[in-house]
Amino acid sequence: MAQPSAEVYHFSEDPSIREFIPHVAASAADHRPFVWAVGAERAPDYWFPRNCPRAMAWVTPVTTQPDRDFVLGPGKHDRVHAVEYGWLDAIAACHLFVYTLPAQPFRLIDTDVPHAYVAEVPVTPLGPPEHVGDLLRRHHDAGIQVRLVDNLWPWWDVVTTTSLGHSGIRLANAIPRRSAGRPG
């Protein structure tokens, strides 16, 4: 199993966590208790309120130019995060914090698409959490498009058929498909 480089990150709206205790995530396929973290490459996936549904797509080495142009459009961006309009106020008002954790107890979780690290022991942060700041500004500064859509499902259904990398988080919180209305 791959080991993270020097440190990993956990994002939370709670700035008072002193120790992360392994727990079973409600959405996890693996029902063992873990402390969850991400590396720097996947950290932008978590620049949202915890329960905000989001769908992300990014350029990979196998991404075709037509798919890139179709999903990302013209410009220099290599990544896009789509969210529903109804979450815009919550994103703007969110006070999100990032905890830096030691990499040593973590391992890459074994999934079809490895994306997160887990530890099976309690983990103490390396220091106090840092406020992430304005989440939309953070995306802008990182060169990541934020795309607002009426409903995530039409966008997700297209992105998952392309050669771009993609991930969805908290999609169960998205507006249901039957209420999609016009495509986003």
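In the predicted model, Tyr46 is partly exposed, with a relative accessible area of 24%. This value lies between the 20% under which a residue counts as buried and the 50% over which a residue counts as exposed, and Tyr46 is therefore assigned to the intermediate class. A search of the whole structure returns three aromatic pairs. One of these joins Tyr46 to Phe11 in a stacked arrangement, with a centre-to-centre distance of 6.5 Å and an angle of 10° between the planes. The two partners belong to distant parts of the chain, 35 residues apart: Phe11 lies in strand 1 (residues 7-12), whereas Tyr46 occupies the loop between strand 2 (35-37) and strand 3. Phe11 has a relative accessibility of 13% and counts as buried, because the cut-off for that class is 20%.

Another of the aromatic pairs is formed by Phe20 and Tyr99, whose ring centres are 5.1 Å apart; the planes meet at 85°, so the arrangement is edge-to-face. This pair also connects distant parts of the chain, since Phe20 is placed in the loop between strand 1 and strand 2 and Tyr99 in strand 5 (residues 97-102), at a separation of 79 residues. Both Phe20 and Tyr99 are buried.

The loop between strand 2 and strand 3 also contains Asp45. With a relative accessibility of 1%, Asp45 counts as buried. Its side chain makes a polar contact of 2.7 Å with the side chain of Arg42. When neighbours within four places in sequence are left aside, the contacts of Asp45 comprise Arg54, Met56, Arg79, His81 and Ile169.

Ile169 belongs to strand 10 (residues 165-169), in which the side chains alternate. Gly165, Ser167 and Ile169 point to one face and are buried, while His166 and Gly168 point to the other face and are not buried. Such a pattern is expected, because side chains in a regular strand alternate between the two faces of the sheet. Strand 10 pairs with strand 3 (residues 54-58) in the antiparallel sense, over five bridges. Within this pairing, Trp58 has Gly165 of strand 10 as its bridge partner. In the segment after strand 10 lies Arg170, a residue other than glycine with a positive phi, near 55°. Arg170 is partly exposed, its relative accessible area being 25%.

At the level of the whole protein, the secondary structure amounts to four helices and 10 strands. Read from the N terminus, the order of the elements is β-β-β-α-β-α-β-β-β-β-α-β-α-β. The radius of gyration is 17 Å, close to the 16 Å given by the globule rule for 184 residues, so the protein is as compact as a globular protein of that length. Along the principal axes, the C-alpha atoms fill a box of roughly 45 × 35 × 35 Å. Of the 184 residues, 44% count as buried. Among contacts with a separation of 6 or more, 78% are between residues 24 or more positions apart.

The mean pLDDT of the protein is 91, and 91% of the residues score at least 70. Over residues 179-184 the pLDDT stays under 50, and the model has eight contacts for this segment beyond four places in sequence.

Technical notes. Residues numbered from 1 in each chain as written. Predicted model: local features only at pLDDT ≥ 70, side-chain atom pairs only at ≥ 80, totals over all residues. Heavy atoms only, no water. pLDDT = per-residue confidence, 0-100. Contact = heavy atoms within 4.5 Å. Buried < 20%, exposed > 50% of the residue type's maximum accessible area, 1.4 Å probe, protein only. Helix = DSSP H or I, 4+ residues; strand = E, 2+ residues; numbered from the N terminus. Pairing = 2+ DSSP bridges. Phe/Tyr/Trp six-rings, centres within 6.5 Å; stacked < 30°, edge-to-face > 60°. Polar contact = N/O pair within 3.5 Å; in protein donor to acceptor, adjacent residues only side chain to side chain. Rg over C-alpha atoms; globule rule 2.2 N^0.38 Å.
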